[in-house]
Amino acid sequence: MNKNTQIVESVAAGAFHVENIYPIIDGGRFPIKRIVGEPIEVFADLYRDGHEIIAAAIVWRREQDRDWNRVPMALVVNDRWSGSFIPAAIGRYVYAVEAWTDEFATWRHGFELKLHAGQDVTLDALEGAALMTKAQAGGPDASALIVRHCEAYLQSGDTAPLLASELAAAMAEAQTRPDLTRSALLPLMIDRERARNGAWYEMVPRSQSTVPGQHGTFRDCIARLPDVAAMGFDVVYFTPIHPIGVKNRKGKNNSLMAGPDDVGSPYAIGGIEGGHDALHPQLGTMEDFHAFIAACKELDMEVAIDVAVQCSPDHPWVTEHPDWFKRRPDGSMKYAENPPKKYEDIHNPDFTCDDAGSLWNALRDVILFWVDQGVKIFRIDNPHTKPLRFWEWMIREVQLKHPDVLFLAEAFTKPKLMKGLAKLGFSQSYTYFTWRTQKWEIEQYLNELCGYPERDFYRPNFFVNTPDILPFHLQSGEAWMFKARVALAAALSSTYGIYSGFELLEHEPIPGKEEYLNSEKYEIRTRDWDQPGNIKPYIRDLNMARRANTALQQTSNLRFMAVNDVNVIGFVKESVDLTNLVAGAISLSRDPHEVWLPINSQVMVDGQRRDVAAVENIVTGERHAVEWGGLRVRIDPMRDPAIFFRCLA
């Protein structure tokens with residue numbers, strides 16, 4: 001049996017085979033993901049014995065509801081059926097495929113064949129009328145129509161009323177379905193648009209003061225928002241905003257000994273002021289935090305916060321719930337490790353401890369607390385180091401109450417584990433894009449993410465850098481490379497992000513490592529956000545292009561063009577509704593390139609697909625005719641490593 005064959009739940013079990021349902025993830029173990037307001041196409045192989053006519057439908061409802069919605073399916077070819085439906089709101093749903101024998105349609109088909117062959121159909125007509133008398137499952141309008149046509153036949157003997165098209169429709173609604181077969185229920189997650197599309201700006205809030213060495217506040221962060229909004233970002237993402245432990249605090253550049261003025265790592269969460277549900281006192285009050293959220297909203301931006309499931313030795317849970325943490329043979333509390341790395345300033349909770357239920361509930365309640373404060377997006381630090389079953393449970397618990405809450409998985413680990421986290425509920429995922437630099441590997445990786453089944457559950461978030469990662473290719477500080485990387489991220493993925501300082505071309509590494517020297521994970525950084533050489537206008541133009549072109553607001557409808565240059569990537573992206581088409585080319589080297597872009601595409605205009613006849617430069621507005629299916633372009637990376645066109649019919 002095919003692995004996707006569904007277990008049926010039927011009054012007449014086994015009457016139909018329901019196979020190869022699409023979309024489906026791991027046989028229905030995990031939900032597919034879609035965006036609210038967009039149609040969901042469903043396909044299935046449906047068949048039974050004999051020559052009877054089959055009818056089929058898609059049924060769906062929210063998990064917590066009891067009543068089903070239903071839309072018909074249509075035969076495509078060779079027992080392959082399809083249909084589509086549109087859930088009206090975000091949330092968790094289930095859907096299934098139903099099949100049954102359409103007894104009246106089967107009778108009607110045979111009756112018409114006999115009638116056309118000149119055979120006696122007297123008894124056949126009576127059989128049809130008998131089916132009509134048993135059809136009592138429809139609404140009042142259908143029932144009344146059936147009665148009228150049945151009486152018309154019985155009173156006149158004329159069979160024409162039995163063949164009326166309106167009767168066929170009424171009978172399809174009203175007749176019983178004794179052999180109805182339903183597939184197993186399949187899960188579905190309907191998210192808001194931000195789950196698929198957005199530009200993220202990551203900042204360390206304590207570094208937002210304009211006074212050198214002074215600890216930043218939420219009010220300082222508010223003052224920075226116009227600058228972030230002007231660059232076109234949609235999400236402002238904070239590293240942890242909680243009290244920081246003093247015991248075993250790390251010093252500058254992750255040194256083991258902290259000086260009296262060292263501020264420690266914000267990931268060493270918890271102090272005398274509180275834990276995961278408290279604010280670092282130097283950042284401000286909860287009122288200040290609410291003001292920051294309100295200021296973001298006024299600028300059409302959202303707030304995301306970092307959730308790291310770890311505790312400093314000073315976290316209240318360490319003393320209040322010591323059984324939540326593992327001990328070493330000498331009785332000391334086990335600190336976090338990723339050998340050979342040691343993290344003496346944090347302890348990881350033990351998810352299998354005797355009081356695991358209370359621990360799980362406490363961590364869920366942390367998320368719910370911040371949801372109550374107005375946060376709807378959470379970036380989860382290293383989720384791959386915590387039990388998968390915990391994340392599946394916790395995300396479900398939160399989203400059943402707050403379906404608009406989104407979770408980003410920050411997991412740089414084995415590919416299957418990263419995909420597993422996405423399957424079990426994370427709305428978005430970090431990726432390997434940060435290290436994909438060659439044309440062949442970028443194209444190969446994107447084709448994987450845009451293929452099946454990944455496109456149905458894995459939503460990539462392309463970060464070009466992070467506080468932990470300064471990729472080797474950025475360490476030269478060349479502006480063209482910074483522009484090329486952010487152009488690749490912004491164009492190829494509908495969700496991407498930068499860590500603050502990227503726009504200033506910050507690039508000084510710890511020698512031999514992909515880490516920032518003097519990282520603000522361990523100290524306060526004060527910057528001149530308008531310093532010469534910044535690429536803020538370039539980032540702004542990219543984000544404006546994304547907002548103006550819905551093709552760039554999705555990832556999956558992507559096709560790479562065969563560009564005859566190993567250092568130029570050419571691509572075409574198409575919007576979900578097919579009405580917006582963007583073609584682009586991005587250089588991967590600093591030298592100039594002249595290449596042919598074989599666009600060879602169509603765009604939807606007034607409901608019809610038409611060949612691309614011209615393109616318009618998205619930045620300059622210049623138009624060029626498309627001849628022989630494409631056009632020749634010149635790219636000078638020292639000026640701009642990328643060029644984008646809106647395709648016109």
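## A buried serine and a buried strand

If we skip its neighbours within four places in sequence, S427 touches K33, A195, Q399, V405, L406, F407 and R459. Keep in mind that this is a predicted model. Where does S427 sit in the chain? Look in the loop that lies between α10 (415-424) and β19 (428-429). Its relative accessible area is 1%, and buried means under 20%, so S427 counts as buried.

Now let's move along to strand β23, which covers residues 568-574. Seven of its seven residues are buried, so β23 is largely enclosed by the rest of the structure. Which residues point which way from β23? V568, G570, V572 and E574 point one way, while I569, F571 and K573 point the other way. Residues on both sides are buried, and that includes the charged-letter pair E574 and K573.

Strand β23 has a partner on each side of it in the sequence, and the table puts the two pairings together.

| Partner of β23 | Direction | Bridges | Residues between the strands |
|---|---|---|---|
| β22 (residues 558-561) | antiparallel | four bridges | six residues |
| β24 (residues 581-587) | antiparallel | seven bridges | six residues |

Both pairings are hairpins: β22 with β23, and β23 with β24. To find your way around the first, start at L558, which stands opposite K573 in β23. For the second, try V568, whose bridge partner in β24 is S587. Finally, the turn between β23 and β24 holds L578, which has a positive phi of about 70 degrees.

Note on methods:
Residues are numbered from 1 along each chain as its sequence is written. This is a predicted model: local features need pLDDT of at least 70, side-chain atom pairs count only at pLDDT 80 or more; totals for chains, interfaces and linings use all residues. Side-chain values use heavy atoms; hydrogens and water are left out. Buried means under 20% relative accessible area, exposed over 50%, partly exposed in between (1.4 Å probe, protein chains only). Helices (H or I, at least four residues) and strands (E, at least two) are DSSP runs, numbered from the N terminus. Two strands pair if DSSP finds at least two bridges between them. Contact means heavy atoms within 4.5 Å.
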